[in-house]
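Okay, thanks for making room for me today. I'd like to walk you through a model I've been looking at, so let me put it up on the screen.

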Amino acid sequence: MTTFKPNTVYVTYIASTPEKVWQALTDAEFTRQYFGGQTVEVEPKAGGRFVMRLPDGSVNVQGRVVEWSPPHRLSCTWGFPQVPKLPECLVTYDIEAVGGAVKLTMTEGHSWDIPEALLSGGRSGWPAILSSLKSLLETGQPLAIKMAPPKEMLEALKALRKEGN
Amino acid sequence: MSKPSFVYVTYIASTPEKVFKALTDTEATAKFWFGNAVTSDWKVGSPVAFHREGKLILSGKVIENDAPRRLSYTFTPHHGPHDGSDTSRVVMDLEQQKNQVKLTVTHDDFAPGSTVFASISNGWPLVLSNLKSYLETGTTPLYAPWYEENAGQKTEKVVS
């Protein structure tokens, strides 16, 4: 069993219900609106297939469902077919009803001593994605945040691709 | 070991002027900051105080005021387990993007052995989620009677 250390955690509180937040995280029509245009495909069971597609249809993320516990916890491995040398990470969404709202906790865990430069992608991306998700559920309108991978991450990925070649 | 620094980023469909106003306005903070109303003239060096039901909760001094782009003040909590002897620093950076504001709150410069880090790590996501709702929907959906009780607890668990 691989152990994933929680490297990045982001918490947001959303005026919604756990069921609606769960749907927003697992329904392609929702993710397309707030997740940089990506659509989710998830087989609803532990061990099921998990995919995030870019707007052009290509697979950006491919992994497996580790835990499927609607509407409280979804945990999936995330592999990046375009960067096969990058070890899979584990992304967990915890959904909890608190104080008249929903507490959503995203935890991105890694199984290796990942350099800060590679963490910068998630650290800049998650606040944008989850801010837009909150707006979408509360106002019906997502945010149009222009997202670009941090330069330091692109350089680290380039170095990773070159390794051993 | 590097010194602890808490950074929280949120994107708000608003303008830097409105976000800056909300962060510095007595009535607005009373609404989204769970009853904690701020008072200050916001001049560099001036005192900052947050009161809830007449009780001093947080105090500080203005370090920088570059409205509507940046606001910084010292941060001394007086509630829960904190006795007003533990001072750290808050920096708020506001960046106008197309139709929204990127708000970055950086909380650092903690005293050695400070217990404030655990409190604020729970507190900022609550406060800033409510701020975002307040500015985007005009409502503050989050009810946090446990905001006070949880101050200082290391656990992430919040009981409703």
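Before I get to the strands, one bit of vocabulary: I call two strands paired if DSSP finds at least two bridges between them. And keep in mind that this is a predicted model.

So, start with chain A. Strand β5(A), residues 73-78, is joined to strand β6(A), residues 89-98, by 6 bridges, and the two run antiparallel. One place to look there is Trp78(A), which sits opposite Cys89(A) in β6(A). Then β6(A) goes on to pair with β7(A), residues 101-110, through 10 bridges, again antiparallel. Val98(A) has Ala101(A) as its bridge partner in β7(A). Between β6(A) and β7(A) you have a hairpin with 2 residues in between, and Gly99(A) in that turn has a positive phi of about 50°.

Still in chain A, have a look at the loop between β4(A), residues 59-69, and β5(A), where Pro71(A) lies. The peptide bond joining Pro70(A) and Pro71(A) is cis, with omega at about -5°.

Now the helix I like in this chain, α3(A), residues 116-139. It has 24 residues and reaches 34 Å from first C-alpha to last, close to the 34 Å expected at 1.5 Å a residue. There is a kink, though, of about 25° at Gly125(A), shortly before the proline Pro127(A). Just past the helix, Gly140(A) takes a positive phi of about 85°.

Over to chain B. Here we have 4 helices and 7 strands, and from the N terminus the order is β-α-α-β-β-β-β-β-β-α-α. Of the 160 residues in the chain, 38% are buried. If you take the contacts in chain B with a separation of 6 or more, 44% of them come from residues 24 or more positions apart.

How many bridges join β1(B) to β7(B)? There are 7, and β1(B) runs antiparallel to β7(B), residues 101-108. Within that pair, Val7(B) stands opposite Thr106(B). As for burial, β1(B) is mostly covered, with 5 of its 7 residues buried.

The helix to watch in chain B is α3(B). It has 22 residues and spans 31 Å from first C-alpha to last, close to the 32 Å expected at 1.5 Å a residue. α3(B) has a kink too, about 30° at Gly123(B), shortly before Pro125(B). Mostly covered is the verdict here as well: 16 of the 22 residues in α3(B) are buried. After α3(B) comes Gly138(B), with a positive phi near 75°.

A few loops in chain B deserve a stop. Pro68(B) is in the loop between β4(B) and β5(B), residues 70-77, and the peptide bond leading to it from Ala67(B) is cis, with omega near -5°. Then Glu53(B), in the loop between β3(B), residues 47-52, and β4(B), has a positive phi near 50° without being a glycine. Why is Glu53(B) called exposed? Because it has 8 C-beta neighbours inside 10 Å, and the cut-off for exposed is 12 or fewer. Asp109(B), in the loop between β7(B) and α3(B), is another non-glycine with a positive phi, about 60°. That one is partly exposed, because 16 other C-beta atoms lie within 10 Å.

One lysine, quickly. Lys61(B) lies in β4(B), residues 55-66, and its contacts beyond four places in sequence include Pro47(B), Val48(B) and Tyr73(B). With 16 C-beta neighbours inside 10 Å, Lys61(B) counts as partly exposed.

Right, where do the chains meet? The contact takes 21 residues from chain B and 22 from chain A. On the chain B side, the elements giving two or more residues are β1(B), residues 6-12, and α3(B), residues 116-137. α3(B) gives the most, with 7 residues. By class, that side of chain B has 10 nonpolar, 8 polar and 3 charged residues.

Last, confidence. The predictor gives the complex an ipTM of 0.94 and a pTM of 0.92. Chain B has a mean pLDDT of 89, with 88% of its residues at 70 or more. Be careful with residues 150-160 of chain B, where pLDDT stays under 50, though the model has 22 contacts for them beyond four places in sequence. Where pLDDT is low, the predicted coordinates should not be read in detail.

Methods
Residues are numbered from 1 along each chain as its sequence is written. Chains are lettered from A and ligands numbered from 1 in the order in which they are written. This is a predicted model: local features need pLDDT of at least 70, side-chain atom pairs count only at pLDDT 80 or more; totals for chains, interfaces and linings use all residues. Two residues are in contact if their C-beta atoms, placed from the backbone, lie within 7 Å. Ala, Val, Leu, Ile, Met, Phe, Trp, Tyr, Cys and Pro count as nonpolar, Asp, Glu, Lys and Arg as charged, and the others, Gly among them, as polar. The expected span of a helix is 1.5 Å times one less than its number of residues. The bend at a residue is the angle between axes fitted to the seven residues ending there and the seven starting there. A residue is buried if 20 or more other C-beta atoms lie within 10 Å of its own, exposed if 12 or fewer, and partly exposed in between; C-beta atoms are placed from the backbone. pLDDT is the predictor's confidence in each residue, from 0 to 100.
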